[in-house]
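Visitor: I'd like a close look at one part of this protein. Could you set the scene with the overall fold, then take me to a spot on the inside and a spot on the outside?

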Amino acid sequence: MTDSATKATSPSLLRLDNIIRRWIVERLFAHLMRTRRLVRDFERRTVSAEAMVYWSMTLLMTRRLARSHSARA
């Protein structure tokens with residue numbers, strides 16, 4: 001093994017990494033909660049709840065793509 005592979009990371013870098021990951025997860029949940037149907041657990045089947053998550057993420061992705069496309073034009 002190389003020295004860089006065995007080098008221990010500092011606790012402050014690990015803490016920063018955890019904060020960044022937590023922020024990403026919190027932003028994901030915030031985007032999901034913008035879809036009103038996902039705010040409460042109305043779905044009886046997990047398949048339909050999963051479909052609603054996919055729908056919410058599809059809406060988010062199309063908004064982002066449309067915004068970046070219009071900025072380029």
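Guide: Let's start with the fold. The protein has four helices and zero strands, so reading along the sequence gives you α-α-α-α. Keep in mind that this is a predicted model. There are 73 residues, and 12% of them count as buried. The accessible surface comes to about 6900 Å², and carbon and sulfur atoms account for 61% of that area.

Now for the inside, at serine 56. You'll find serine 56 in helix H4, which covers residues 46-72. Serine 56 counts as buried because its relative accessibility is 3%, and the cut-off for buried is under 20%. So what does serine 56 touch, leaving out residues up to four places away in sequence? The contacts are His31, Leu32, Thr35 and Leu38. Two of those names, His31 and Leu32, fall within helix H2, which spans residues 11-33.

That same helix H2 takes us to the outside, since leucine 13 also sits there. Leucine 13 has 52% relative accessibility, so it counts as exposed; the mark to pass is over 50%. Leucine 13 has company, too: together with Leu16, Ile20, Trp23 and Ile24, it forms a nonpolar patch on the surface. Taken together, the residues of that patch have about 530 Å² of accessible area.

So, to put the two spots side by side: serine 56 in helix H4 is buried at 3% relative accessibility, whereas leucine 13 in helix H2 is exposed at 52%.

Methods
Residues are numbered from 1 along each chain as its sequence is written. This is a predicted model: local features need pLDDT of at least 70, side-chain atom pairs count only at pLDDT 80 or more; totals for chains, interfaces and linings use all residues. Side-chain values use heavy atoms; hydrogens and water are left out. Patches are made of residues with over 30% relative accessible area and no salt bridge: like charges are joined within 9 Å, nonpolar side chains (Val, Leu, Ile, Met, Phe, Trp, Tyr) within 5 Å. Accessible areas come from the Shrake-Rupley method with a 1.4 Å probe; for residues, only the protein chains shown count as cover. A salt bridge is a side-chain nitrogen of Lys or Arg within 4 Å of a carboxyl oxygen of Asp or Glu. Buried means under 20% relative accessible area, exposed over 50%, partly exposed in between (1.4 Å probe, protein chains only). Contact means heavy atoms within 4.5 Å.
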